[in-house]
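The following exercises concern the secondary structure, packing and chain contact of a two-chain model. Each task is followed by a solution in steps.

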Amino acid sequence: MNTPVVEISGLRTAIGGRDIHRGLDLAIGRGQILGLVGGSGSGKTTLLRQIIGLMAPTAGSVRLFGEDLHRAGRVAQRELRQRVGVLFQGGALFSALPVFDNIAFPLRELRALDEDWIRRLVELKLAMVELEVHHGTLMPAELSGGMVKRAALARALALEPELLLLDEPTAGLDPKRSASFVSLLGQLQRELGLTVVMVTHDVETLKGLATHVAVLADGRIAATGTVDEVVAAGNAYFDNLAGNGEAF
Amino acid sequence: MNAAPRLQVESGAVVLSGDWTLAALLPVMTTVRMSLKDGNLLRLPWDLSAVGRLDSAAAVLLWRTWQGRWPAQLKVSPTQRRVLERVAAMPSAPPAAAAGRVTPVERLGRPVLGVLDHLYGMVAVLGQILIDLAHLMRHPSEIPWKEITANIYKAGATGLPVTALVGFLIGVTLSYLSALQLRSVGADLLIVDLLGISIIRELGPVLVAVLVAGRSGSAMTAQIGVMRVTEEIDALTAMGVSRSLRVILPKILGLTAAMPLLVLWASVMALLGGMLAAWVQLDFSVVYFIERLQRAVPVANLLIGLGKGLAFGLVIAWVACHFGLRVRPNTESLSANTTRSVVTSITLVILLDALFAIATKEIGVPQL
């Protein structure tokens, strides 16, 4: 049980001849909530895409639960991905399906559960993210920004993943909604024992949620550790970020 | 990794152990469900204290096994009890779906209303275009030249190779097949009349219209549709830029202008193909072919062909814009409307062609 959930070693990513990551190392342990911070264009979202396996590393390796996604076979790959839930920045709900079917989609893909089971699970997830049952009939285009995030989170949680990846979970939400979304995430993380990796710019989200922080700069992890450690070490980016918001 | 979920009956109690999670359940789903089916289990005390992890999928499974009631005796850790309690709090029956019975009158009326709705929408698009044109008459500086020329280039210039290829091949085929027939009745000469009139008056415009509907019509619908999905249309309006003036009008004017030119081009190519095939097949000299073409085909045919091109271009762009504006913000609607746009415009083009044929039956056909 001691293998890190995510283990990245010597990762190099080149897009269009430009190096985004230059020999990046990062290990994320079980139960951590890691906030991935860094300036715009520092490759945070790209790193998240590497972890999901949407991009292949130019060099180095990304291991999920101790296995290399790009070396694994088709079946193993699918099983690994079923242990990961992703909340995309814009929600990425399937626009042609109502919310209910969006959340039911990964469950139906298993082809092992009957409709009654799926319905109960979907309603459970809706309740988990504090949406009403009747919201399930709405189309994604009819939802407000906050509801899109919640519905997308419900879908990400549908398979009870061990690892949850969040790309800017609170971007586009007003402070009040953002705070309630953060507390919801924290509560779910405690209940489900998730490991969470999130990309964020928002100090409040970081303060409210993260146990650990990794600062991305120059294609490497410039600093990593618990929030207090990184603050104590006085990383330049972090000071800047913290200075803009409230002091840590 | 997960420990496999296990169910045992020990000393008169049901003992669960291992991880009861969806991932752990999947490989042993049938066995577990079989062992849970046993009705006698319901009356026994349940011991869940050896369970490693319990997720909501497994909790739903257990709750259904218990038939929606707590077992008389249950040993479970507080965390896992909370998971079960959450399942227990859910309503067990699905919310009653609204009864959707359709009467025959409704079944007949819906499509009729749908067609009327489309007609209304199309008239609205045309009306808006006319209003825009009137506005542009008074404010000529606002004419979107850049967009109009871009559309002429996109629909016209980039369509030259494919229309040339298709036109040429159709010309070759038509000429080759007719030559065989005509020779058998000794009417070789008539190949020029046949090709000239059929291509210039009929085949050229219709062929190009079908190609353009598939090529440019679908692209227009998809583009406007995606602009609606991504709220770009709203962004334009918010900037005070009229969407009809900047997005719709240039498409309609551009395609209406480009179509006659494409028709002319495709007709020339088809005649070239026909000429080539006649030369190979019937030993018809090119000079003679051109000479006879002038006498056999009155100029009125060319005007009718170009007129059709103009009308078809207008219809295709008009239909494309109409369906583009009806796209709702989801992928399904986008694909459905793109399909409808192409099918409708091709159908309308052929309908219009028939009307043209009736209206111009006295014109440009040499009377024998």
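**Exercise 1. Strand pairing at the start of chain B**

Task: Determine which residue of β3(B) stands opposite V14(B), and in which sense β2(B) and β3(B) pair.

Solution. The model is a predicted one.
Step 1. Locate V14(B) and look across to β3(B): the residue opposite is W46(B).
Step 2. Follow the pairing of β2(B) with β3(B), which covers residues 46–54: the two strands run in the parallel sense and share five bridges.
Step 3. Turn to the pairing of β2(B), residues 13–20, with β1(B), residues 6–10: five bridges are found here too, but in the antiparallel sense. One bridge joins R6(B) to S17(B) in β2(B).
Step 4. Inspect the hairpin that links β1(B) and β2(B). Two residues lie between the strands, and S11(B) takes a positive phi near 40 degrees.

**Exercise 2. Helix packing in chain B**

Task: Describe how α5(B) packs on α12(B), and state which residues meet.

Solution. Two packed helices are described by the angle between their axes and the distance between the axes.
Step 1. Take the axes of α5(B), residues 104–138, and α12(B), residues 299–325: they come within 10 Å and cross at roughly 110 degrees.
Step 2. Classify the angle. The range from 65 to 115 degrees counts as roughly perpendicular, and α5(B) and α12(B) are therefore roughly perpendicular to each other.
Step 3. Assign the hand: the crossing of α5(B) with α12(B) is right-handed.
Step 4. List the residues. From α5(B) come G121(B), M122(B), V125(B) and L126(B), and these meet W318(B), C321(B) and H322(B) of α12(B). By class, the residues of this contact are five nonpolar, two polar and no charged.

Task: Give the angle, the axis distance and the residue classes for the packing of α7(B) with α10(B).

Solution.
Step 1. Helix α7(B) spans residues 160–184 and α10(B) spans residues 243–282; their axes lie 6 Å apart, at an angle of about 40 degrees.
Step 2. The crossing of α7(B) and α10(B) is right-handed.
Step 3. The contact of α7(B) with α10(B) contains 20 nonpolar, eight polar and one charged residues.

**Exercise 3. Domains of chain B**

Task: State how chain B is divided, and how many Å separate the centres of its domains.

Solution.
Step 1. Domain 1 of chain B covers 6–88 and domain 2 covers 116–359.
Step 2. Taken over C-alpha atoms, the centres of domain 1 and domain 2 of chain B are separated by 67 Å.

**Exercise 4. The four-stranded sheet of chain A**

Task: Give the strand order of the sheet that holds β1(A), and identify the edge strands.

Solution.
Step 1. The order is β2-β1-β4-β5 in chain A; the sheet is open and its pairing antiparallel.
Step 2. The edges are β2(A), residues 18–28, and β5(A), residues 67–68, each of which pairs on one side only.
Step 3. Trace the inner pairing: β1(A) and β4(A) share five bridges in the antiparallel sense, and R12(A) stands opposite A59(A) in β4(A).
Step 4. Move to β4(A), residues 59–64, and β5(A), which pair in the antiparallel sense over two bridges. L64(A) is opposite E67(A), while R63(A) is opposite D68(A).
Step 5. In the hairpin of β4(A) and β5(A), two residues separate the strands, and F65(A) takes a positive phi near 50 degrees.
Step 6. Add the helix: α1(A), residues 44–52, lies across β1, β2 and β4 of chain A, at about 120 degrees to β1(A).

**Exercise 5. The six-stranded sheet of chain A**

Task: Give the order and pairing of the six strands, and state where α5(A) lies.

Solution.
Step 1. The open sheet of chain A has the order β6-β7-β8-β3-β9-β10, with mixed pairing. Its edge strands are β6(A), residues 84–87, and β10(A), residues 220–226. Neighbouring strands of this sheet are turned by 15 degrees against each other on average, direction ignored.
Step 2. At the β10(A) edge, β9(A), residues 212–217, pairs with β10(A) in the antiparallel sense over six bridges; one partner pair is V213(A) and G225(A).
Step 3. Helix α5(A), residues 145–156, lies across β6(A) and β7(A), running at about 170 degrees to β6(A).

**Exercise 6. The contact between the chains**

Task: State how many residues each chain gives to the contact, and class those of chain A.

Solution.
Step 1. Chain A gives 18 residues and chain B gives 19 residues.
Step 2. The side of chain A that touches chain B has eleven nonpolar, two polar and five charged residues.

Conventions. Residues numbered from 1 in each chain as written. Chains lettered and ligands numbered in written order. Predicted model: local features only at pLDDT ≥ 70, side-chain atom pairs only at ≥ 80, totals over all residues. Contact = placed C-beta atoms within 7 Å. Nonpolar A, V, L, I, M, F, W, Y, C, P; charged D, E, K, R; others polar. Axes fitted to C-alpha atoms, helices over the stretch in contact; angles between N-to-C directions. Parallel < 35°, antiparallel > 145°, perpendicular 65-115°, else oblique. Left-handed = near helix turned anticlockwise from the far one by under 90°. Domains from an automatic or database assignment. Pairing = 2+ DSSP bridges.
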